[in-house]
Amino acid sequence: MLFSSMEFLVWFLPCFILIYYLLPNRYKNLCILIFSLVFYMYGCISNPISILLFAGSIVLTFGLGRLIEDKKGNGKAWLVLGILIQVGMLFLYKYLGFFAGVFGKQLSIRLLLPLGISFYTFQSLSYLIDVYRGTVSAEKSLLRFAVYMGMFPQVISGPIVRYETVKKQLSHKDITKEGIIKGAELFVLGLGLKAILANRLSGMWSNIEAIGYQSISTPLAWMGIIAYSLQLYFDFSGYSMMAVGLGKMMGFKLPNNFNYPYISVTMTEFWRRWHITLGSWFKDYLYIPLGGNRKGVGRTYLNLLVVWLLTGFWHGASWTFLAWGLFLFLIIANEKLWLGKVLNEHRAMGHIYMIVLIPLSWMIFAITDINELLTYAGRLIGIGGVNVFHGDWQKYLSQFGLFLGAGVLFSTRIPRALFEMIKNKYVKGAVLIVLFGASLYMIYKGANDPFMYFQF
């Protein structure tokens, strides 16, 4: 079930909100869990094993957390066991086929990727590690822990929530009129980014894929990866904004996942602003434990290489995702050496640098076939392939130019700043109602499109 679907907007969410607000505080966690299981099971109809794996992960992590805390002498052993099981399941379903292919083998059974496994695995690992470190106490209630792991706003596609962030709200939810209004506002704004911008921009990239990369002109190739870059941003940031908004409406403070990454002047800054919860996860649970920048220059860059290769591999089991991670490492390492200082001092130059670099990085991310990736890269500089449709870029500019321009504008702070300048609550409410209605219309007309990060 998608946030940007009629099933969610017309049936699921209104029913949940009505029941949730009517129930006393002591029953709210049970309400969240029941609706979250319905939400998750709806998305797993074609792959029921996902439900068993998810439930098993919750119970296992809860039990191991108690064992790590209660049996301090064996805490490390229980932690290692938990890591091996969680990572092992992720490897089995997401990476076994890739490594089998590397060694010239082919799996006789195709394992379907369980919904949200990359996200809830990282959430489980962060909980176990934090309990072992003593950062948090192990949760004593299986119900509260299941709500932490499975609450429907973030279970499928993040943000990756740490237990300490929501621990207090699991026991007591401070639901206020202001929080409900702000949450609803964030949800509608995120829905607009997804349903109006991301879904419309997806049409351009889909058409280019259908045409064939070898047949497009150089201007259209650049327009294509810009459209994909904007689509990916509004798709994922829109989802995250909706998740945070739903959390506020429920009395939870979920972490923000995006902070206008496209206004960055370096790739280093970009990844501090993009998918913030994933970046902080890798920093706190991998980069720093490996030694961070405390063990000399050589070790620092080796640690960065490991982090970025694994970041790429987390997104997908293919060589292109590893190449994407390597590409980001090389860029960020170069910025760390010298370029970052120059670009931060000359920010106009930095913006130009990122205008070129962001679409190039997402090109590697988007095209998972090496040969097709090379073909597309060639079309960017006018080599290889044949431009079959002369003036193709003009045709697509007329169809998608308005949404490309809106995408560029809405990737800055300007629209949000203008919205926040509206002090009259009735005017602001009217704007949100119009935006919600427009989003519903786009969804009803068939512009609905799956969230891109569901596949990870």
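## Close-up views of a predicted helical chain

**View 1. The buried face of helix H4.** The residues of H4 that count as buried are Gly75, Leu79, Gly82, Gln86, Leu90, Tyr93, Lys94, Tyr95, Phe98 and Ala100. Please keep in mind throughout that this is a predicted model. Which helices do the buried residues of H4 pack against? Their partners are helix H3 (49-70), helix H5 (117-133), helix H12 (297-315) and helix H13 (319-345).

**View 2. The kink in H4 and the residue that follows the helix.** Helix H4 covers residues 75-102 and has a kink of about 65°, centred on Tyr95. Tyr95 is also one of the buried residues of H4. Follow the chain just past the end of H4 and you come to Gly104, whose phi is positive, at about 75°.

**View 3. The whole chain, for orientation.** Let us step back for a moment. How many helices and strands does the protein chain have? It has 18 helices and 0 strands. Its C-alpha atoms fill a box of roughly 65 × 60 × 50 Å along the principal axes. A compact globule of 456 residues would have a radius of gyration near 23 Å, and the 23 Å of the protein chain agrees with that. Of the 456 residues, 52% count as buried. When contacts between residues at least 6 apart in sequence are considered, 77% of them join residues at least 24 apart.

**View 4. The surface and its charges.** The protein chain exposes about 20800 Å², and 67% of this area comes from carbon and sulfur atoms. There are 39 positive and 20 negative charges in the chain, and the mean positions of the two groups are 5 Å apart.

**View 5. A cis peptide bond on the way to H7.** Most residues other than glycine have a negative phi, and most peptide bonds are trans. Here, the bond from Gly158 to Pro159 is cis, with omega near 5°. Pro159 sits in the loop between helix H6 (142-150) and H7.

**View 6. Gln169 in helix H7.** Gln169 belongs to helix H7, which spans residues 163-171. Is Gln169 buried or exposed? Its relative accessibility is 17%, so Gln169 counts as buried, the cut-off for buried being under 20%. Beyond its neighbours within four places in sequence, Gln169 is in contact with Gly251, Phe252 and Lys253. Tyr148 is 21 residues from Gln169 in sequence, and their C-alpha atoms are 9.6 Å apart in space.

**View 7. Tyr260, a loop residue with positive phi.** Look for Tyr260 in the loop between helix H9 (218-250) and helix H10 (267-273). Its phi is near 50°, a positive value in a residue other than glycine. Tyr260 is buried, with a relative accessible area of 17%.

**View 8. His275, between H10 and H11.** The next loop to visit joins H10 to helix H11 (276-290), and His275 is found there. His275 is not a glycine, yet its phi is positive, at about 45°. How much relative accessible area does His275 have? The value is 0%, so His275 is buried.

**View 9. Thr320 and the residues around it.** Thr320 is part of helix H13, one of the helices that the buried residues of H4 pack against. With a relative accessible area of 1%, Thr320 is buried. Leaving aside neighbours within four places in sequence, Thr320 is in contact with Ile364, Ile367, Thr368, Asp369, Ile370 and Leu373.

**View 10. Ile367, a contact partner of Thr320.** Where does Ile367 lie? Ile367 is in the loop between helix H14 (347-366) and helix H15 (370-380). At 1% relative accessibility, Ile367 counts as buried. Outside its neighbours within four places in sequence, Ile367 is in contact with Trp205, Tyr213, Thr320, Glu372, Leu373 and Tyr376. Ile367 and Leu193 are 174 residues apart in sequence, and their C-alpha atoms are 23 Å apart in space.

**View 11. Lys395 in helix H16.** Our last stop is helix H16 (residues 392-410), where Lys395 is found. Lys395 has a relative accessible area of 47%, which makes it partly exposed. Lys395 is 175 residues from Leu220 in sequence, while the C-alpha atoms of the two residues are 9.5 Å apart in space.

Notes
Residues are numbered from 1 along each chain as its sequence is written. This is a predicted model: local features need pLDDT of at least 70, side-chain atom pairs count only at pLDDT 80 or more; totals for chains, interfaces and linings use all residues. Side-chain values use heavy atoms; hydrogens and water are left out. The bend at a residue is the angle between axes fitted to the seven residues ending there and the seven starting there. Helices (H or I, at least four residues) and strands (E, at least two) are DSSP runs, numbered from the N terminus. Buried means under 20% relative accessible area, exposed over 50%, partly exposed in between (1.4 Å probe, protein chains only). Contact means heavy atoms within 4.5 Å. The radius of gyration is taken over C-alpha atoms; the globule rule is 2.2 Å times the number of residues to the power 0.38. Accessible areas come from the Shrake-Rupley method with a 1.4 Å probe; for residues, only the protein chains shown count as cover. Lys and Arg count as positive and Asp and Glu as negative; His and the chain ends are not counted. The place of a charge is taken as NZ of Lys, CZ of Arg, CG of Asp or CD of Glu.
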